[in-house]
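Here's a quick briefing to read alongside the structure. Have the viewer open and follow along.

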Amino acid sequence: MAEKIQFELVSPAKLLLSEPVEMVVVPGEDGDFGALPLHAPLISTVRPGVIDIHNDGKVTNRIFIAGGFAEVTGERVTVLAEEAFPLTELTSEIADERRAAADLAVTDAQTDLDRSRAARQVAIADAMVIALR
Amino acid sequence: MPSLKDLRLRITSVKSTRKITSAMKMVAASKLRRAQTAAEAARPFAERMERMLGTLAGAMAGQAGAPAMLTGTGSDQVHLIVPVTADRGLCGGFNSSITRATRLLAADLLKQGKKVVIMPVGRKGREALRRDYGHLMIEGFDNLGRKGITFPEADQVATRITQMYANGEFDVCTVVYNRFVSAISQNVTRQQLIPFPVPAQSETVDASARAVYEFEPGEAEILAEILPRNLAIQLFRSMLESQASEQGARMTAMDNATRNAGDMINALAIKYNRSRQAQITKELIEIISGAEAL
């Protein structure tokens with residue numbers, strides 16, 4: 001397939017990735033969705049998980065993201081991520097560390113806001129564990 | 001008339017001051033470069049976030065149930081002002097221009113009978129505003145961005161603001177910071193963060209987009225997620241701009257100081273040489289007149 005879709009991954013600190021790809025699979029809030037060229041315009045929240053970048057019919061790059069937002073138009077996929085790194089950099093030590101920190105945050109949480117933040121951290125850590133499997 | 005020894009000491013001391021200021025200028029220049037790159041690198045995210053928010057706000061326009069962060073609390077009695085300054089001085093008018101703008105804004109609001117709360121970011125702003133507005137001040141943030149501002153730091157500030165807003169502690173939030181224009185010029189900028197001012201063009205542009213975009217899970221849910229994020233992003237951006245401005249202002253101030261020190265050294269050196277010559281002449285006259293007297 002010759003048609004490509006422009007994939008952009010942006011973190012608050014910088015533009016991480018901007019390249020034409022065949023397809024990206026984004027972990028949306030209501031389930032994963034694949035974005036091919038000419039996808040219908042869509043804005044979605046993204047849960048912590050793994051973005052798969054497909055080229056030539058197979059996965060060429062896998063990136064872990066800790067949640068964010070995605071905007072899809074016919075020719076472009078923009079993912080705004082708070083935190084993102086290649087899956088190859090993710091090790092079980094990192095995941096365990098995050099998990100421990102998240103659990104601690106849950107027990108320490110005093111206010112509703114703290115609790116929701118801690119729950120988020122737990123979700124991120126869980127997604128890391130799942131991604132490693 | 002200072003003695004020769006006094007002059008010599010002055011010259012040495014001004015010389016070492018010049019060494020310090022020129023070193024500070026060099027340091028500021030290299031930090032400026034880093035801060036400027038960081039500020040530029042953060043732009044794509046903020047731009048895309050704004051575009052998305054514009055689309056969302058367009059889609060939500062006229063619908064009930066929009067989050068309070070977008071629509072406001074329906075009153076504007078209590079204003080939260082967040083002045084972003086540096087933790088250190090010696091950067092020309094950088095900090096004082098922010099405190100001046102904050103004072104003006106606060107005085108204006110107080111005159112209108114509104115309540116004002118000040119949450120300073122940066123040590124210098126807190127110290128400068130404490131005397132006049134200490135009673136309006138709440139605990140702010142110091143020592144952010146020692147090694148360049150990171151997003152979690154900005155997020156920390158945003159969380160505090162979100163929490164205060166949720167508790168109904170203020171109605172309108174404005175941030176005052178220096179926007180980076182170039183190394184020699186910074187613009188004091190006032191930006192309203194809450195309620196979030198929807199970009200004006202979203203009315204026209206997104207009227208069409210509204211029809212085509214799908215939202216997952218729904219407009220209101222996404223908005224509720226994206227608005228606090230956007231707050232953090234806007235703060236992050238203003239802090240980055242402020243940091244770049246600070247280094248620019250310091251570089252300019254230190255450049256001037258170095259030049260002034262150089263001028264002073266020249267003036268002192270001339271004075272030193274003149275008095276040395278005068279002394280030699282005086283001694284010669286004494287010797288000659290002593291010899292003649294014999």
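A word on terms before the strands come up: two strands count as paired if DSSP finds at least two bridges between them. By that yardstick, strands E8 and E9 of chain A pair in the antiparallel sense, over six bridges. Bear in mind that this is a predicted model.

**The sheet in chain A**

- E8(A) covers residues 68-73 and E9(A) covers 76-81; the two form a hairpin with two residues between them.
- Within that antiparallel pair, Thr73(A) stands opposite Arg76(A) of E9(A).
- E8(A) also pairs with E5(A), again in the antiparallel sense, and here there are five bridges.
- For a landmark in that second pairing, look for Thr45(A), which stands opposite Phe69(A) of E8(A).
- Why is E8(A) largely enclosed by the rest of the structure? Five of its six residues are buried, so the surroundings largely close it in. "Buried" here means that 20 or more other C-beta atoms lie within 10 Å of the residue's own.

**Where chain A meets chain B**

- The contact involves 20 residues of chain A and 22 residues of chain B.
- On the chain A side, E5 (42-46), E8 and E9 each supply at least two residues.
- Which of the strands gives the most to this side of chain A? That's E5(A), with four residues.
- Sorted by class, the chain A side has eleven nonpolar, five polar and four charged residues.
- E5(A) also pairs across the chains: E5(A) and strand E5 of chain B (residues 214-216) run in the parallel sense, over three bridges.
- In E5(B), Phe215(B) is the residue opposite Ile43(A).
- Put together, E5(A) has an antiparallel pairing with E8(A) and a parallel one with E5(B).

**Domains of chain A**

- The domain assignment splits chain A into domain 1, residues 5-87, and domain 2, residues 90-132.
- How far apart are the C-alpha centres of these two domains of chain A? They lie 23 Å apart.
- Eight residues of domain 1 of chain A touch six residues of domain 2 of chain A.
- The domain 1 side of that contact is made up of six nonpolar and two polar residues, with no charged ones. On the side of chain A that touches chain B, by comparison, four residues are charged.

Technical notes: Residues are numbered from 1 along each chain as its sequence is written. Chains are lettered from A and ligands numbered from 1 in the order in which they are written. This is a predicted model: local features need pLDDT of at least 70, side-chain atom pairs count only at pLDDT 80 or more; totals for chains, interfaces and linings use all residues. Domain bounds come from an automatic or database domain assignment. Two residues are in contact if their C-beta atoms, placed from the backbone, lie within 7 Å. Ala, Val, Leu, Ile, Met, Phe, Trp, Tyr, Cys and Pro count as nonpolar, Asp, Glu, Lys and Arg as charged, and the others, Gly among them, as polar. A residue is buried if 20 or more other C-beta atoms lie within 10 Å of its own, exposed if 12 or fewer, and partly exposed in between; C-beta atoms are placed from the backbone.
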